[in-house]
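Thanks for asking me to look this one over. My notes follow as numbered points, so you can go through them with the structure open beside you.

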Amino acid sequence: MDNQAFEALTTASLPQRLGSNSALTDRIGTDASTWKVREVGDGNLNLVFIVEGPDGSVIVKQALPYVRLVGDSWPLPLKRSFFEYNALIRQADRMPGMVPEVLHFDETQALIIMEFLSPHIILRQALIEGQILPGLGPDLGLFVARTLFRGSDLSMDTKKRKADLALFADNAELCDITENLVFSDPYFDAEMNAHTSPQLDGLVKELRADRDLKVAAQAMKHLFAAKAETLLHGDLHTGSVMVIPGETKVIDPEFAFYGPMAFDVGMMLANFWMNYFSQSGHEQNGDRDDMRAFVLTTITEIWNTFAAEFANLWRTERTGILYQASLFEDQGDILGSEQALDGVLHDIWVDALGFAGIEMHRRILGLAHNADFESIEDADLRASCEAKALKLGRHIAVNRGIIHSITEVNNLAERLQQEMAV
Ligand code: SR1
Ligand code: MG
């Protein structure tokens, strides 16, 4: 299969085309005629197959030469699979046990064969269902702290980091998607935009005329495009996480590139705040007060764990070219090192709020919406949930420099939830 030109797999062709791949047959069994193949991709871009054999199951993920959500009118290079593979193996090294094991990568066919996470489900779905998941916040906080710190000039050998920076710089088309869909399209009447209409029309008009907000969005885009600080996951929302109670796995890093640390942190927080506001749309079988409390606690835990682990890595693994120990600890200047750490964490905090605010807007005003809101059938109820997220997003994006704690943001979310009529 390796030497053939790219061809999209189908459930019918997969057993024949991958039947002699030992990475696969070693896991699930050699008699391909007994395999059961299902295509389960529900994301915006790729094919995803579950392949079950007598001895086990695997995932086969294959990129398509276009955006699946839109169709072949929007071409997208297959090489995103190469970046996903390279990000997965780096993340496995930097945060062992939190990404699926890669069994095989075929660059020409743009496919990755990987561990099938079962009975895990997508975190977004679990949160919509109202599942309380112990350990989720600390798991995600550790994941972002370790992957972001260990992929940066705070930790890496500078030659290796520069080589990685160059390697991932070629993931330009995926960055282009984010640059347009996240940072610009929501703030004008772009062709692919959609929002709950007419309910949100007035608020959308207001936001698109909001000069401070547009400036904030472009300042965040500027950082995204220019601050090549660490290897990001690049699309770290609750649809890129799989869970069972007590275990968290992060998937789908095809948007990986060198960007600002705060981007992954902000995206993740935003998706929890959106889920928080969406809970009132899912109260058919009883109130979601406990779930709302869980989501806010998880947000606090993600940030606190991130900051604590980042500080821990700063004190124990700071072996890169930045803030060298020779300037601080080696001279007995612990306070200097701590002062520098405070400054770095402060910048990440401020920027994460900016990214979070913009992410909330693009998921409600842009092309790619969230199931958290989309699955609320009553459009009035959906719009009321979305309006709260839009308002929180505007506040934290514009005021990011004067917001001091995660509690402050969570308190505002609670006020919006209580004050605005459903
Ligand atoms: C056209 S791709 C739309 C969105 O899907 C991905 O998951 C990313 O979030 C991207 O922005
Ligand atoms: Mg994805």
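**Notes on the model**

1. Let's begin with a charged pair: lysine 61 and aspartate 252 join their side chains in a salt bridge, with 2.5 Å from N to O. Please keep in mind throughout that this is a predicted model. The two partners come from distant parts of the chain, 191 residues apart: lysine 61 sits in strand β3 (residues 56–62), and aspartate 252 in the loop between β11 (247–250) and β12 (257–259).

2. Are the two ends of that bridge buried or exposed? Lysine 61 counts as buried because its relative accessibility is 6%, under the 20% cut-off. Aspartate 252, with a relative accessible area of 23%, is partly exposed.

3. This bridge also has company. Lys61 and Asp252 belong to a network of salt bridges that takes in Arg80, Glu84 and Glu254 as well. For the structure as a whole, the count of salt bridges is 23.

4. Two further pairs are worth a look. Arginine 292 and glutamate 283 form a salt bridge through their side chains at 2.7 Å, N to O. Here arginine 292 is buried, at 10% relative accessible area, while glutamate 283 is partly exposed, at 27%. In the other pair, the side chains of glutamate 338 and arginine 315 meet at 2.8 Å, N to O, again as a salt bridge. That pair, too, links distant parts of the chain, with glutamate 338 in helix α12 and arginine 315 in helix α11 (residues 289–316), 23 residues apart.

5. Now to the ligand. Which residues surround ligand 1? The shell consists of Asn44, Leu45, Val67, Trp74, Ile177, Leu181, Asp235, His237, Phe255, Arg362, Arg363 and Ala368. Sorted by character, these residues are 7 nonpolar, 2 polar and 3 charged.

6. Three side chains in the shell deserve your attention for their polar atoms. Asparagine 44 places a polar side-chain atom 2.7 Å from an oxygen atom of ligand 1. Aspartate 235 likewise has a polar side-chain atom 2.7 Å from a ligand 1 oxygen, and for arginine 362 the distance from a polar side-chain atom to an oxygen of ligand 1 is 2.8 Å. On its own, ligand 1 has 320 Å² of accessible area, and the protein covers 94% of it. The elements contributing two or more residues to the shell are α7 (172–181) and α12 (334–365).

7. On the surface, you may like to find the nonpolar patch of about 210 Å² formed by Leu69, Val70 and Met192. Leucine 69 belongs to the loop between β4 (66–67) and β5 (71–75). With a relative accessible area of 42%, leucine 69 is partly exposed, so it passes the over 30% limit for patch residues.

8. A smaller detail concerns serine 81, which lies in helix α3 (residues 80–94). Its side chain comes to 3.2 Å from the backbone oxygen of alanine 110. Serine 81 is buried, since its relative accessibility is 4%, under the 20% limit.

9. Lastly, what is the setting of glycine 135? Glycine 135 is placed in the loop between α4 (123–129) and α5 (136–150), and it is partly exposed at 33% relative accessibility. From its C-alpha atom to that of glutamate 39, 96 residues away along the chain, the separation is 30 Å.

Methods. Residues numbered from 1 in each chain as written. Chains lettered and ligands numbered in written order. Predicted model: local features only at pLDDT ≥ 70, side-chain atom pairs only at ≥ 80, totals over all residues. Heavy atoms only, no water. Patch = residues over 30% accessible without salt bridge, like charges linked within 9 Å, V, L, I, M, F, W, Y side chains within 5 Å. Areas by Shrake-Rupley, 256 points an atom, 1.4 Å probe, with all protein chains shown as cover. Salt bridge = Lys/Arg side-chain N within 4 Å of Asp/Glu carboxyl O. Helix = DSSP H or I, 4+ residues; strand = E, 2+ residues; numbered from the N terminus. Buried < 20%, exposed > 50% of the residue type's maximum accessible area, 1.4 Å probe, protein only. Near = heavy atom within 4 Å. Polar contact = N/O pair within 3.5 Å; in protein donor to acceptor, adjacent residues only side chain to side chain. Nonpolar A, V, L, I, M, F, W, Y, C, P; charged D, E, K, R; others polar.
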